[in-house]
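Here is my notebook for today. I am looking up a few things in one structure and jotting down what I find.

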Amino acid sequence: MAQETIPLDDKEESKSTDPTNPSERHGSLLGHVSRRSFLSHLGAAGIAATTAPVLASAAALEPTAQHAPTQARAPAGTVPITLKVNGQSHNLSLDPRTTLLDCLRENLNLPGTKKGCDHGQCGACTIHVNGRRVNSCLSFAVMHPNDEITTIEGIGQPDHLHPMQAAFIEHDGYQCGYCTSGQIMSAVAVLKEPVGPTDDHVKHAMYGNICRCGAYPNIVAAVQQVRHQS
Amino acid sequence: MQPFQFTRATTPDQAIQAHAATSARFVAGGTNLIDMMKLDVEQPTTLIDINELTLSAITPTPNGGLHLGALSRNSDVAHHPAVLRDYPVLSQAILSGASPQLRNMASTAGNLLQRTRCVYFRDTAFPCNKREPGSGCSAIDGFNRNLAILGTSKDCIATNPSDQNVALTALEATIHIQGKSGSREVPIHNFYVVPGSTPHIETILQPGDLIIGVTLPPPHPNVRSLYLKLRDREAYEFALASAAVQLGTQGNRITFARIALGGVGTKPWRSLEAERALEGHTVDIATFRRAAQEALRDARPQSENAFKVDLSQRCIVRALTLATKSA
C-alpha cells in the first residue's frame with residue numbers, strides 16, 4: 001500500500017504495457033525505473049523476508065507460465081491456484097487469506113484496481129468475475145479457480161480505450177481518480193444489466209461506487225453517453 | 001486476519017464432513033464472512049469453499065412454488081421472472097439492500113445467515129455477548145439507535161440486518177437443510193431464535209448442517225405483496241424499519257395477511273398479532289393502524305431508539321396502504 005500514498009503521475013501507469021510478461025517486468029526494474037515499479041518491487045522484497053503471504057507473492061513474480069508451481073514446491077501454508085485474469089492464466093501459490101484484490105495488485109502487478117475501504121462499502125475495487133461486477137476485496141483469490149476475471153487493465157489500454165474510459169475522460173468523470181477504475185468497471189457492467197433509461201436509473205445502478213470528490217453528475221453523463229451510443 | 005485451512009467441497013457430503021469442527025465455516029459469496037474475518041470477529045480455523053456445489057438453480061416446484069438453490073445469487077433471485085411475477089416482495093427486498101456488486105456475490109443461504117451490524121459486535125475492543133458469550137452487552141448502555149426493540153433480552157439487542165429474510169418470512173419460506181443425520185425442512189418462522197441468554201446462537205443450525213436451498217410456497221391467488229424500507233439514506237443503507245406484507249382482499253374485507261418486520265427485531269420478525277388484527281376485518285386505515293399497534297405492543301425501546309416504535313407502525317400502515325393500491 002505504500003506506493004499508493006505517493007502522488008502518481010498517470011503516465012507512469014500507462015507505460016506498463018504487459019506487466020505479466022517477465023522480461024518486460026524486469027526491464028522496467030533494471031532499465032527504466034518508474035516510481036511505481038521501484039516502490040512495488042521494494043515493497044515485495046522488503047516484506048518477503050518476514051511473512052508467508054508475500055513469500056507467495058515473491059514466487060508469483062517468477063516467470064509463471066514456464067514454471068507452474070507444483071504441490072511440492074508450494075511454500076508451507078499456501079494453496080496452489082491458477083487464475084485467469086484478462087485472458088491470461090497465472091499459476092500461483094497463495095496464502096488463502098489473500099483477497100482477490102490484493103492478489104491482483106500485489107501478486108499480478110495489476111494496480112489499476114484500487115483498495116478503498118477494503119470492506120465492500122466503497123466500490124473502488126470493482127472488477128468483473130465471469131462478466132459480472134463484484135467487490136474484489138470481499139473474496140479470496142483461491143475461491144476463483146475456474147473464473148474469468150477482468151480488471152480495468154483488461155477492458156482497455158491508453159492506445160485503445162474502452163468507450164466508457166473515453167467517455168469518462170470526455171466528461172471529466174473524476175477529480176482525484178482513485179475511485180475511477182471501480183466506477184468504470186461498474187459502468188461497463190451497467191451496459192448489460194436491466195437498468196432503466198433515465199439519469200436516476202443510472203444513479204441507482206451506480207450507488208455501489210462512492211466518489212468522495214463528488215464527480216457524480218459527470219459520471220452519469222459519461223455512462224449515459226455510452227448507453228446512447230450502444 | 002487469522003490463518004485458516006482452506007478446502008473446496010465438490011459434494012454436499014464432503015462439505016458436511018469438513019464442517020465437523022465447530023470453528024469451520026462454509027464460504028459462498030463471502031461478502032459478510034470475509035468482512036468479519038478481516039475484523040477478527042470471525043476466526044474460522046477451516047474455511048470450506050462450497051461454490052462448486054450444484055446448488056445455484058432457481059426452479060419451479062411440483063406444487064407451483066419456487067425453489068431457490070442455496071448458492072443462487074441475490075441478483076439472480078431479484079431479477080428472476082418467476083420472482084418478479086409471483087413474489088415481488090422478495091425482489092423488492094433484495095434490491096433494497098447492499099449494492100449491485102454485493103448482490104452479484106451474495107448467496108441466498110449466505111444472506112439467511114447474515115450477521116448483525118451492531119457496532120459493538122463488529123468491534124473486538126468492546127464486550128459483546130454475541131461475539132464472546134458472557135462478556136456483556138455494550139449496546140444497552142451505548143449507541144443503540146439502530147438496534148432492536150422486539151425480541152431483545154438483557155444480554156442482547158442486536159438487529160437482524162437482512163432485507164431478504166424479512167420477505168422470506170412474510171412468504172412463509174421453508175429452509176432445506178442437509179446434515180450428518182440426513183435432511184430436514186424447517187419453516188423460516190422456526191429457523192431463527194431470539195437471543196435470550198445465548199445471543200451467540202442465532203438459528204437452529206447444528207455443526208455439519210448445510211443449507212441446500214429455500215422453497216417458497218405457491219403464490220396465493222389475488223394476494224399482493226410489497227416491501228417497504230425506511231432508512232437514513234435512500235440507498236446502500238440498512239433498515240431502521242421495514243415491512244414485508246402479503247395482503248389479500250375480497251370486496252372490502254381482508255381475507256389473507258402476512259406481516260414481517262425488519263430493522264426492529266433480533267430476528268426477521270413475523271407478526272402473527274398484526275395478521276390476526278387484519279384478517280376478517282375491513283380494508284381501511286383504522287384496521288391498518290390497529291394491526292400496527294398490535295405488532296409493536298411488546299416493543300421494548302432502548303435509550304436512543306424509542307422512535308422506532310412509531311416509525312415501524314407507520315411503516316406497516318404505509319406498506320398496507322400501498323398494497324391495497326398496487327395492481
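In what sense, and over how many bridges, do S3(A) and strand S5 (residues 148–150) of chain A pair? I looked it up, keeping in mind that this is a predicted model. S3(A) and S5(A) run antiparallel to each other, and two bridges link them.

**Entry 1: around S3(A).** I picked one residue to follow, His128(A). Its bridge partner in S5(A) is Thr150(A). I then turned to S4(A), where Arg133(A) stands opposite His128(A). S3(A) and S4(A) are also an antiparallel pair, with four bridges. I noted that these two strands make a hairpin, with two residues between them. In that turn I found Asn130(A), which has a positive phi of about 55°.

**Entry 2: chain A as a whole.** I stepped back to see what else the chain holds. My tally for chain A is 10 helices and five strands. The chain has 230 residues, and 43% of them count as buried. I also checked how contacts reach along the sequence. I took the contacts in chain A between residues at least 6 apart in sequence, and 56% of them join residues at least 24 apart.

**Entry 3: two domains.** Which residues belong to each domain of chain A? The domain assignment gives 2–154 for domain 1 and 163–229 for domain 2. I found 14 residues of domain 1 in contact with 11 residues of domain 2. My strands from the start came back here: strand S3 (126–129) and strand S4 (132–135) of chain A each supply at least two residues of the domain 1 side. S3(A) gives the most to that side, with three residues. I sorted the domain 1 side by class and got five nonpolar, six polar and three charged residues.

**Entry 4: where chain B meets chain A.** How many residues does each chain bring to the contact? I read off 22 residues from chain B and 23 residues from chain A. On the chain B side, I listed the elements that give two or more residues: helix H2 (33–38), strand S3 (46–49) and helix H6 (100–105) of chain B. H6(B) has the largest share of this side, with five residues. By class, I wrote down 12 nonpolar, seven polar and three charged residues for the chain B side.

**Last note to self.** I want to remember His128(A), which has Arg133(A) opposite it in S4(A) and Thr150(A) as its bridge partner in S5(A).

How values were computed:
Residues are numbered from 1 along each chain as its sequence is written. Chains are lettered from A and ligands numbered from 1 in the order in which they are written. This is a predicted model: local features need pLDDT of at least 70, side-chain atom pairs count only at pLDDT 80 or more; totals for chains, interfaces and linings use all residues. Two residues are in contact if their C-beta atoms, placed from the backbone, lie within 7 Å. Ala, Val, Leu, Ile, Met, Phe, Trp, Tyr, Cys and Pro count as nonpolar, Asp, Glu, Lys and Arg as charged, and the others, Gly among them, as polar. Domain bounds come from an automatic or database domain assignment. A residue is buried if 20 or more other C-beta atoms lie within 10 Å of its own, exposed if 12 or fewer, and partly exposed in between; C-beta atoms are placed from the backbone. Two strands pair if DSSP finds at least two bridges between them.
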